[in-house]
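Hi everyone, thanks for coming. Could you pull up the structure on your screens, so that we can walk through it together?

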Amino acid sequence: MPQKRLILSSPLLEIMTSRLCQELIENHQDFSNSVVMGLQPRGIYFAERIIAELSERMGKDIPLGYLDATFYRDDFRRRESPLLPNKTNVPFLIEGKRVILIDDVLSTGRMVRAALDAMTAFGRPKTVELMVLIDRRYNREIPIDPDYVGMQVSTVESQRVQVEWKEQGFEADHIWMVD
């Protein structure tokens, strides 16, 4: 049976989210040329939280899209069981925009690489920034480095980080290290 160790829960998660929003405000000012894209499946919950707080602080709506990169993954055809895609919902063009790509956990970097490829269907952004709740250091296989990080954790290959969101039906928000 795998062992779970709690690494983060509320209210620290709320404080971390607030800090990350402040960093975004400092870098994007009024968000007039910025959009947010949550990476399916679990990055959307973090993206929705970021958008909710930004909208409240800024007093305006900031465009939010959901991006699924399943068919752009480099292991898509190498799996024994087929991957099930999630819904992509990007109701705006990203041509010339400053895109903030949000995911819950960054590990190897391969999913982010796939997301960069998937984004091209919606235009050519001016810039792309990456925000992650958890950065699993020492696991990178592709040179991807986040611009905004909630927390860095040192893990070995056999460990994984499991994020549980209330929006997924869990009793509370928890982030676990699973051995």
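I'll go through the sheet, then the helices on it, then the cores, and finish with a few single residues.

One thing to keep in mind: this is a predicted model.

Let's start with the sheet. It is an open one with five strands, and if you read across it the order is E3-E2-E4-E5-E6, with parallel pairing. Which strands stand at the edges? Those are E3 and E6; each has a single partner strand, so one side of each has no neighbour in the sheet. From one strand to the next, the twist averages 25 degrees. If you look at E4 and E5, you'll find them pairing in the parallel sense over eight bridges. A handy pair to click on is isoleucine 102 and methionine 131, since methionine 131, in E5, is the bridge partner of isoleucine 102.

Now the helices. H1 lies across E2, E4, E5 and E6, and runs at about 135 degrees to E6. H3 also packs on the sheet, where it touches E2, E3, E4 and E5, and its direction makes about 150 degrees with that of E4.

Let's stay with H3, which spans residues 110–119. Its buried residues include Val112, Ala114, Ala115, Ala118 and Met119. Why do we find them on the same side of H3? Because they cover an arc of only 155 degrees around the axis. As a reminder, an α-helix has 3.6 residues a turn, so residues three or four places apart point the same way. The cover over the buried residues of H3 includes E2, E3, E4 and E5.

On to the cores. The largest nonpolar core has 32 residues, and the members that touch the most others are Ile50, Met131, Leu133, Val161 and Ile175. Several elements supply at least two residues each, including H1, E4, E5 and E8. The one that gives the most is H2, with seven residues. Apart from this core lies another one, of 21 residues, with Leu67, Leu106, Ala114 and Leu130 among them.

Let's zoom in on isoleucine 175. Setting aside residues up to four places away in sequence, its contacts include Leu6, Leu8, Leu13, Leu133, Val161 and Val163.

Next, leucine 39, in strand E2. Is leucine 39 buried or exposed? Its relative accessible area is 0%, so it is buried. Beyond residues up to four places away in sequence, leucine 39 touches Ile44, Leu67, Ala69, Leu101, Ile102, Asp103, Met111 and Ala115.

Threonine 17, in helix H1, also counts as buried, at 7% relative accessibility. Not counting residues up to four places away in sequence, it touches Phe46, Arg49, Ile50 and Glu53.

Arg49 brings me to my last residue, aspartate 173, which sits in the loop between E7 and E8. What is the relative accessible area of this aspartate 173? It is 3%, so aspartate 173 is buried. And which side chain does it meet in a polar contact of 2.7 Å? That would be the side chain of arginine 49. The side chain of aspartate 173 also reaches the backbone nitrogen of lysine 166, at 2.9 Å. Leaving aside neighbours within four places in sequence, its wider contacts include Ser9, Ser10, Leu13, Glu164 and Trp165.

That's my tour, thanks for listening!

Methods:
Residues are numbered from 1 along each chain as its sequence is written. This is a predicted model: local features need pLDDT of at least 70, side-chain atom pairs count only at pLDDT 80 or more; totals for chains, interfaces and linings use all residues. Side-chain values use heavy atoms; hydrogens and water are left out. A nonpolar core is a set of buried Ala, Val, Leu, Ile, Met, Phe, Trp, Tyr and Cys residues joined through side-chain atoms within 4.5 Å. Buried means under 20% relative accessible area, exposed over 50%, partly exposed in between (1.4 Å probe, protein chains only). Helices (H or I, at least four residues) and strands (E, at least two) are DSSP runs, numbered from the N terminus. Contact means heavy atoms within 4.5 Å. A polar contact is a pair of N or O atoms within 3.5 Å; within protein, one must be able to donate a hydrogen and the other to accept it, and residues adjacent in sequence count only if both atoms are side-chain atoms. The arc is that of the directions from the helix axis to the C-beta atoms. Two strands pair if DSSP finds at least two bridges between them. Axes are lines fitted to C-alpha atoms, for helices over the stretch in contact, and angles run from 0 to 180 degrees between N-to-C directions.
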